[in-house]
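Hi,

Here is the structure I promised to pass on. Have a look at it first, and then read my notes underneath.

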Amino acid sequence: MKLLLLLVTIGLCSAQYNPNTQSGRTSIVHLFEWKWVDIAAECERYLGPNGFGGVQISPPNENIVVTNPYRPWWERYQPISYKLCTRSGNEQQFRDMVTRCNNVGVYIYVDAIINHMCGSGGGAGTHSTCGSYFNAGSRDFPVPYSGLDFNDGKCRTGSGEIENYGDANQVRNCRLVGLLDLAMEKDYVRGKIAEYMNNLINIGVAGFRLDAAKHMWPGDLKAISDRLNNLNTKWFPAGARPFIFQEVIDLGGEAISANEYFGVGRVTEFKYGAKLGGVIRKWNGEKMAYLRNWGEGWGFMPNDRALVFVDNHDNQRGHGAGGASILTFWDARLYKMGVGFMLAHPYGFTRVMSSYRWSRNISNGKDQNDWIGPPTNSDGSIKSVPINADATCGDNWVCEHRWRQIKNMVIFRNVVNGQPFSNWWDNGSNQVAFGRGNKGFIVFNNDDRNVDVTLNTGLPPGTYCDVISGQKEDTICSGKEITVNNDRTAHFQISNTAEDPFVAIHVNAKL
């Protein structure tokens with residue numbers, strides 16, 4: 001009996017690290033600030049057919065309406081209530097999106113804003129996305145929350161704000177940039193948060209990104225996660241637990257460590273994008289040859305606890321652990337190499353970013369326009385995402401997930417899933433290659449000279465389509481063809497000036 005209980009406990013503990021994606025799907029995409037109707041359509045027409053496992057969505061709950069600056073993206077991170085209505089859509093549209101995406105095997109992960117409500121200067125009235133009345137000054141929110149439900153009395157700073165990030169108590173008990181900090185040790189507050197998340201689980205979501213997790217005590221998060229329902233059995237196996245990944249910015253040397261949160265779920269590995277960007281930009285003498293022991297060998301968290309990404313909605317704007325090393329769509333050539341490396345390498349659970357453009361204004365090393373919200377109509381409503389004839393997006397939607405090279409590497413990762421990291425080669429500098437068992441092989445040229453080399457691929461003999469320069473369409477390759485010889489070697493030539501200086505082949509791209 002004790003053994004059975006132990007096995008059940010181990011099963012429950014491991015479950016929250018499982019992304020719940022359908023078998024054979026290994027990556028999710030963050031469709032930042034997309035409308036629910038557009039996400040539903042994208043699941044059906046593109047994400048499902050191309051093997052994406054899920055979508056991280058923007059926060060779905062009612063938020064404050066900010067008109068100065070004009071409708072910034074960050075208003076979504078200032079909750080007013082847990083009603084499901086935002087610029088992305090209403091509850092009916094949300095439910096329709098979840099159903100339609102789930103039906104094609106693409107699951108929904110909610111960006112959950114549970115650390116706080118809106119800013120202390122948010123005023124009073126009905127300037128909220130559902131029109132609910134609130135009063136930030138008296139801590140009156142329609143959840144309902146009152147002054148009893150916030151951490152005002154626990155913060156020991158004169159301002160009530162976090163003044164010292166070296167003090168873990170301040171980081172977790174005081175206001176983050178003025179946001180009203182919820183008293184999550186209170187049973188009532190835990191209950192209201194769990195009620196909100198369980199409503200989403202019952203609708204059919206697969207998991208949650210916990211925003212600002214380092215600003216909450218791990219014990220409080222564990223108490224809330226223990227109250228969460230199992231996933232909806234209409235789409236998930238009986239007993240399946242919600243996937244939890246927590247935003248903990250830990251670049252080392254801080255008062256709060258990512259490993260404090262492993263008991264709750266996976267954690268965002270911010271060192272990943274920062275370090276990879278520095279290597280691909282060749283800063284401080286870094287070389288791609290040094291990536292041979294990438295992952296835990298670089299001091300990253302355990303593989304089965306990490307959610308990894310090249311950039312996210314914060315650090316592509318230069319904040320939220322955003323140094324200048326972060327690769328983004330603004331540096332498209334380097335960015336595609338970075339995302340290609342991430343999707344080929346076995347470390348971590350991968351998330352792809354899908355962005356929109358904004359007019360940058362770099363002054364004193366900072367983008368003064370980092371607040372700009374998504375493409376909008378004159379009334380402030382979010383524009384739909386138009387799809388061009390060449391499958392790219394219009395109206396300033398970047399849609400990196402639709403770039404051929406990134407979409408094909410999402411498929412590559414699915415094909416090589418479970419295969420070992422193998423057949424590493426490098427030239428001692430910035431030309432590297434590696435395989436994934438006998439299923440896939442990738443070669444990068446980030447050097448100032450051409451690649452012209454014969455390498456052991458580990459793949460079965462035959463002719464393969466390079467899925468970076470093109471793709472297999474029926475029996476024809478629209479890009480380069482690579483011949484793998486009987487001894488499993490292949491010859492690779494990559495110009496150092498190529499628009500996409502890397503080549504990837506896998507067994508499903510064999511002609």
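**What I found**

The buried residues of helix α2 pack against β1 (27–31), β2 (54–57), α3 (91–103), β3 (107–112) and α9. Before going on, please keep in mind that this is a predicted model.

Staying with α2 (residues 36–47): nine of its twelve residues are buried, so the rest of the structure largely encloses this helix. The buried ones are W36, D38, I39, A40, A41, E42, C43, Y46 and L47. There is also something odd about its length. The end C-alpha atoms of α2 are only 14 Å apart, whereas a straight helix would reach 16 Å at 1.5 Å a residue.

One of those buried α2 residues, I39, turns up again in the largest nonpolar core. That core has 141 residues, and I39 and F94 touch the most other members. Which residues does F94 contact, leaving aside its neighbours within four places in sequence? They are W36, I57, P60, L84, V110, L200, I203 and V205. Another core, of 15 residues, lies apart from the largest one and includes L455, Y464, V484 and I494. As background, nonpolar side chains tend to be buried together in soluble globular proteins.

Now to a sheet you may want to find on screen. It is an open one made of four strands, in the order β15-β16-β17-β24, with antiparallel pairing. The edges are β15 (421–426) and β24 (502–506); each has a single partner strand, so one side of each is left without a neighbour in the sheet. On average, neighbouring strands here are turned by 10° against each other, direction ignored.

Within this sheet, β17 (residues 440–445) and β24 run antiparallel and are joined by five bridges. F441 is the residue that stands opposite I505 in β24. Two helices go with the sheet. Helix α8 (residues 332–344) lies across β16 (431–436), β17 and β24, and runs at about 150° to β17. Helix α9 (residues 404–416) packs on the sheet too, touching β16, β17 and β24, and its direction makes about 40° with that of β24. You have met α9 already, as one of the elements that the buried residues of α2 pack against.

Last, the annotation: an unreviewed UniProt entry places the feature "domain: Alpha-amylase C-terminal" at residues 422–510. In the model, that span is 0% helix and 52% strand, and its end C-alpha atoms lie 19 Å apart.

Cheers

How values were computed
Residues numbered from 1 in each chain as written. Predicted model: local features only at pLDDT ≥ 70, side-chain atom pairs only at ≥ 80, totals over all residues. Heavy atoms only, no water. Pairing = 2+ DSSP bridges. Axes fitted to C-alpha atoms, helices over the stretch in contact; angles between N-to-C directions. Contact = heavy atoms within 4.5 Å. Expected span 1.5 Å × (residues − 1). Buried < 20%, exposed > 50% of the residue type's maximum accessible area, 1.4 Å probe, protein only. UniProt positions renumbered as here; feature names shortened; annotations may be inferred. Core = buried A, V, L, I, M, F, W, Y, C linked by side-chain atoms within 4.5 Å.
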